[in-house]
Amino acid sequence: MRTLGGIRPGRFTLGLVIVAVPLALALLGPLFAGEPGPRAPSFTPGGGHWLGTDFVGRDVWQQVLLGGRSVVLVALAATALAYLVALPLGLISALTHRTWLEELLMRPVDVLLAVPSLLLILLVAAVFSPGAVGLSMLVALVNFPDAARIVRAAAAEAASRPAVEALRMQGETWWRMAVGYVGRSIARTLAADAGVRLTGVLYLVATAAFLGVGVEPDAADWAVMVDRNRTGLFVQPWAVVVPALLIVALTMGSNLLFDAVLQRRRRT
């Protein structure tokens, strides 16, 4: 089969097509949503409402256009924040020769791993009222311990190679060893983990929004749409099915793209 830069066109193209629809709606949808019109009490499509109206008379299509940005941006920000903490933590733990430093860094991580992620988010949300930024930080907090353990495990194997000892004997800087050699050695592992983690983060963000954490009860958000309209699923299915499918498509497409890129790296 012919490949494009080492990537199988079938899987890569399929992932790109699947992820492009929800991503485009999330990022560009608000530009085309327009001003909210008068609320109509009709659930069925028609009268200028392509997908009908929701349980309070709002246009479902307009809510779809407005509701993806919060989910996507919070998920991307949370994933980036998790790795921003996990990468230096895991690399320092793997490269240090001081056992006390490794224990000091990794034991709190083990404690956080023992706490169920959704429970921690709900406990914090019960005390504070996190917005989008707060929700990003909360989701990053429950994801960085697992990411740090994966970085630590992958980096420890690379750090034990003779090349790292040779770099130490040559007096190379920690940055050169950690990022220039070990970081590049574990890039494939991190890419694989990032694909799975982004999927988990998306579902966690959607679940938190579904439970009312980080968003207003009447916010234009795909997860909130599913929650608020689920009781009328058989009366107005579009208000539930469309945002739910967009969330699923976003996660499936992301996984397919990561898999295709990983296959390319494996062949090169």
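Which residue's side chain meets the side chain of Arg197 in a salt bridge? That would be Asp193, with an N to O distance of 2.9 Å. Keep in mind that this is a predicted model, and the pair is a handy way into it.

## Salt bridges

Arg197 and Asp193 both sit in helix H8, four residues apart, or about one turn of the helix. Neither end of this bridge is out in the open: Arg197 is buried because its relative accessible area is 8%, under the 20% cut-off, and Asp193 is buried too, at 10%.

In total, the structure holds six salt bridges. Some of them share partners, and these link Glu103, Arg107, Asp110 and Arg149 into one network. Inside that network, the side chains of Arg107 and Glu103 come together at 2.6 Å, N to O. Both of these residues belong to helix H3 (residues 99-113), again four residues apart, about one turn of the helix. The setting is a bit more open here, with Arg107 counted as partly exposed at 34% relative accessibility and Glu103 also partly exposed at 36%.

Then there is Asp54, which lives in the loop between helix H1 (9-32) and helix H2 (60-95). Its side chain forms a salt bridge with the side chain of Arg58 (3.0 Å, N to O). A polar atom of the Asp54 side chain also lies 2.7 Å from the backbone nitrogen of Arg58, giving this pair a backbone contact next to the salt bridge. Asp54 is buried, with a relative accessible area of 4%, and Arg58 is buried as well, at 16%.

Here are three of the bridges side by side:

| Pair | N to O distance |
|---|---|
| Asp54 and Arg58 | 3.0 Å |
| Arg107 and Glu103 | 2.6 Å |
| Arg197 and Asp193 | 2.9 Å |

## The overall fold

Zooming out, the chain has ten helices and zero strands. Read along the sequence, the pattern is simply α-α-α-α-α-α-α-α-α-α. Of its 268 residues, 43% count as buried.

How far apart in sequence are the residues that touch? Among contacts with a separation of 6 or more, 73% join residues 24 or more positions apart. On the outside, the chain exposes about 14200 Å², and carbon and sulfur atoms supply 68% of that area.

H8, the home of Arg197 and Asp193, also passes a simple length check. At 1.5 Å a residue, its 24 residues should span 34 Å, and the end C-alpha atoms are indeed 34 Å apart, so the two values agree. After H8 comes Gly212, whose phi is positive, near 85 degrees.

## The nonpolar cores

In soluble globular proteins, nonpolar side chains tend to be buried together. In this model, the largest nonpolar core has 39 residues, and those with the most contacts inside it are Val64, Ile121, Leu135, Val139, Val205 and Trp222. Several helices feed this core: H1, H2, helix H4 (117-127), helix H5 (132-159), helix H8 (187-210), H9 and H10 each supply at least two of its residues.

Val139 gives a feel for the packing. Leaving aside residues up to four places away in sequence, Val139 touches Ala78, Ile121, Val201, Leu204 and Val205. There is also a second, separate core of 14 residues, including Leu91, Leu95, Ala154 and Ile186.

## H9 and its neighbour Ile247

Why is helix H9 (residues 222-229) described as largely enclosed by the rest of the structure? Because seven of its eight residues are buried. The buried set is Trp222, Ala223, Val224, Met225, Val226, Asp227 and Asn229. The N-terminal end of H9 is capped by Asp221, which places a side-chain oxygen 2.9 Å from the backbone nitrogen of Ala223.

Two of those H9 residues turn up again around Ile247, a member of helix H10 (residues 238-267). Not counting residues up to four places away in sequence, Ile247 touches Tyr203, Ala206, Trp222 and Ala223. At 9% relative accessibility, Ile247 counts as buried. Its partner Tyr203 is 44 residues away in sequence, yet the C-alpha atoms of Ile247 and Tyr203 are 8.0 Å apart in space.

Notes: Residues are numbered from 1 along each chain as its sequence is written. This is a predicted model: local features need pLDDT of at least 70, side-chain atom pairs count only at pLDDT 80 or more; totals for chains, interfaces and linings use all residues. Side-chain values use heavy atoms; hydrogens and water are left out. A polar contact is a pair of N or O atoms within 3.5 Å; within protein, one must be able to donate a hydrogen and the other to accept it, and residues adjacent in sequence count only if both atoms are side-chain atoms. Buried means under 20% relative accessible area, exposed over 50%, partly exposed in between (1.4 Å probe, protein chains only). Contact means heavy atoms within 4.5 Å. A nonpolar core is a set of buried Ala, Val, Leu, Ile, Met, Phe, Trp, Tyr and Cys residues joined through side-chain atoms within 4.5 Å. The expected span of a helix is 1.5 Å times one less than its number of residues. Accessible areas come from the Shrake-Rupley method with a 1.4 Å probe; for residues, only the protein chains shown count as cover. A salt bridge is a side-chain nitrogen of Lys or Arg within 4 Å of a carboxyl oxygen of Asp or Glu.
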